[in-house]
Amino acid sequence: MPTDYYELLGVSASASADEIKKAYRQLALKYHPDRNPGNKEAEERFKEISNAFQVLADPEKRKLYDRFGAEGPSRAGFSGFSNVQDIFSSFGDIFGDIFGFGGFGGFGRTRRSRGSDLEVDLVLTFLEAAEGCRKEVNVARHHPCATCGGSGAAAGSARTRCATCGGRGQVVHSQGFFMISTACPECHGEGTRIETPCGECKGSGLQQKEDKLTVSVPAGVEDGQTLRIGGKGESSPAGGAAGHLYVHLHVEADDRLQRDGADLFCDVRISYPTAAIGGTISVPVLKGEKEITVKAGTQPGDVIVLKGAGVPYLDGRGRGDQVIRFQVDVPKKLSRRAEELLRELAAELGEEVPEKRGLFSRFQRSKR
Ligand SMILES: [Zn+2]
Ligand SMILES: [Zn+2]
C-alpha cells in the first residue's frame with residue numbers, strides 16, 4: 001500500500017489542484033462505502049484517499065506535506081479523518097456532484113451534520129512557543145444530556161416518526177409547475193419528533209459544560225498560528241462527527257531575543273576595548289545566558305552565528321540558528337584616567353586630539 005499521497009491518488013507531485021480533485025473523485029466513486037457495502041478493505045482505501053486528498057487539496061497542508069511528509073500537516077496541528085462520517089461532512093460538496101445530495105446513496109440514512117467548530121485563544125510565553133508545552137484550556141462544549149442520554153426525550157417517552165413528513169424530514173410543496181422540497185417545519189428535517197421533551201435539556205439532547213482540555217503545543221509554533229484539534233469541538237446534535245477545536249496562539253515577546261521563524265536574533269553591546277582586543281562576554285540565549293568569545297578587531301555590525309541555538313523547526317528535524325550582532329559602546333562619561341588613556345591611545349595611533357579638558361568635560365565633571 002503506497003503511503004505517498006500523490007501515489008495514492010495516482011497523480012504526479014506537480015499535479016494541479018484540479019487534477020487532484022478529479023483523481024480523488026474518480027477513486028472516491030470506486031471505493032465509496034455505498035458502492036461497497038460491508039467491504040472493510042474498500043472503506044480503508046476510501047479513508048486513505050480521503051486523507052491524502054484532505055492534505056493535497058489544501059495549499060497550506062500540501063506545502064507542509066511536500067516539505068516534511070505525512071508528519072508535516074499533523075505536526076502543524078492538522079488531523080486526519082477518524083471515520084467516514086467526518087469525510088462526508090468535510091467533502092459533502094464534492095460528493096454532492098457525484099452521488100446526489102449530501103453524498104449518501106444508501107437507504108435509511110439521513111445526512112448527519114458535523115458538530116460546530118469551537119475556537120479558543122491560548123497565550124504562550126516566548127519559551128513555551130519555542131520549546132513546546134502542554135497547556136490547559138477551558139472549552140465550553142455541549143454534551144449529550146446525562147438525563148436523557150442525548151435523545152432529548154423524557155423517561156418513558158420516545159422519539160416517534162414525524163407524521164407530517166412521514167419520517168423523511170422533507171416536505172414537498174407544489175408551486176406552479178415546480179415541486180419544491182423543504183425541511184419539514186414540524187421536525188426541522190430530523191424525521192422524528194419527541195413526545196415529551198426531557199426536562200433537563202428541554203428536548204435538545206445537549207447540555208453545556210466547561211471542559212478542561214490539555215492542548216499539546218508542538219515546539220516551534222509562532223504567534224498568530226492556529227492549531228486544529230480534530231473532534232474536540234461541539235458534538236453533533238444529529239449523531240454525526242464532532243466539530244473541531246481551533247486554538248489560536250498568541251506568543252509573548254521576549255525583551256532579550258527577537259525571533260524570525262526558527263532563527264533568533266539579538267544585539268549585544270560590547271566595549272571599545274573588548275571590540276579591539278577581544279574577550280569573553282555573556283549573551284542571552286533561549287534558556288538563560290551563554291559565554292561567547294569576541295574576536296579581536298570586531299567591528300560594529302559584525303555578527304556571529306550560534307548554529308542550532310535557535311528554535312526547533314515544526315517538523316522536529318533540527319533547529320534554527322541564533323544570530324548575534326555586535327554594537328560597540330562609546331562611553332558617554334569618562335573618568336580622568338580613562339580619558340588620559342584614550343588620549344595616549346590617540347597619540348599612539350597618530351591622531352590629533354583637541355587640548356585636554358575643554359569646557360564640555362568640565363561641565364560633565366561638575367554634574368557628577
Ligand atoms: Zn435531556
Ligand atoms: Zn417531519
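In the predicted model, helix α3 (residues 40–56) packs against helix α4 (residues 59–68) with an angle of about 105° between them and 6 Å between their axes. That angle makes α3 roughly perpendicular to α4. On the α3 side the contact is formed by Gln54, Val55 and Leu56, and these meet Lys61, Arg62 and Tyr65 of α4.

These two helices belong to a protein chain with 10 helices and 15 strands. The chain counts 368 residues, of which 37% are buried. Among contacts with a separation of 6 or more, 62% are between residues 24 or more positions apart. As for confidence, the mean pLDDT of the chain is 83, and 86% of the residues reach 70 or more. Residues 96–111 call for some care, with a pLDDT below 50; in the model this stretch has 23 contacts beyond near neighbours in sequence. Where pLDDT is low, predicted coordinates should not be read in detail.

The two zinc sites are a good place to linger. The zinc ion (ligand 1) is held by the SG atoms of Cys145, Cys148, Cys198 and Cys201, at 2.3 to 2.4 Å. Angles among these 4 donor atoms run from 101 to 116°, and the site is tetrahedral. Along the chain, the donors of this zinc ion (ligand 1) follow the spacing C-x2-C-x49-C-x2-C. One pair of donors links distant parts of the chain: Cys148 sits in the loop between β2 (133–144) and β3, while Cys198, 50 residues apart from Cys148, sits in the loop between β6 and β7 (206–217). Cys148 and Cys198 are both buried.

For the zinc ion (ligand 2), the protein donors are the SG atoms of Cys162, Cys165, Cys184 and Cys187, which lie 2.2 to 2.3 Å from the ion. The arrangement around the zinc ion (ligand 2) is tetrahedral because its 4 donor atoms subtend angles of 102 to 115°. For comparison, the ideal angle for four tetrahedral donors at a metal is 109.5 degrees. The spacing of the donors of the zinc ion (ligand 2) reads C-x2-C-x18-C-x2-C. Here too a pair of donors joins distant parts of the chain, with Cys165 in the loop between β3 (159–161) and β4 (170–175) and Cys184 in the loop between β5 (178–183) and β6 (192–194), 19 residues apart. Both Cys165 and Cys184 are buried.

Two residues in the loops of this region deserve a friendly mention for their backbone geometry. His188 is not a glycine, yet its phi is positive, at about 55°. This histidine, His188, is placed in the loop between β5 and β6. With a relative accessible area of 65%, His188 is exposed. Lys202, likewise not a glycine, has a positive phi of about 55°. The loop between β6 and β7 is where Lys202 is found, and a relative accessibility of 67% makes Lys202 exposed.

Two further positions illustrate how residues well separated in sequence come together in the model. Ala130 belongs to helix α7 (residues 126–131). Its relative accessibility is 0%, so Ala130 counts as buried. The C-alpha atom of Ala130 is 6.6 Å from that of Val221, although their positions lie 91 residues apart along the chain as a separation. Leaving aside residues up to four places away in sequence, Ala130 touches Ala219, Gly220, Arg259, Leu286, Val311 and Pro312.

Pro300, by contrast, is exposed, its relative accessible area being 56%. Pro300 is located in the loop between β13 (289–294) and β14 (303–306). The C-alpha atoms of Pro300 and Gln327 are separated by 4.9 Å, and the two residues are 27 residues apart along the chain. Outside the residues up to four places away in sequence, Pro300 touches Phe326 and Val328.

Methods. Residues numbered from 1 in each chain as written. Chains lettered and ligands numbered in written order. Predicted model: local features only at pLDDT ≥ 70, side-chain atom pairs only at ≥ 80, totals over all residues. Heavy atoms only, no water. Donors = N, O, S within 2.8 Å, 3.2 Å for Na, K, Ca; no water. Tetrahedral: all angles 85-135°; square planar, octahedral: opposite > 155°, others 65-115°. Helix = DSSP H or I, 4+ residues; strand = E, 2+ residues; numbered from the N terminus. Buried < 20%, exposed > 50% of the residue type's maximum accessible area, 1.4 Å probe, protein only. pLDDT = per-residue confidence, 0-100. Contact = heavy atoms within 4.5 Å. Axes fitted to C-alpha atoms, helices over the stretch in contact; angles between N-to-C directions. Parallel < 35°, antiparallel > 145°, perpendicular 65-115°, else oblique.
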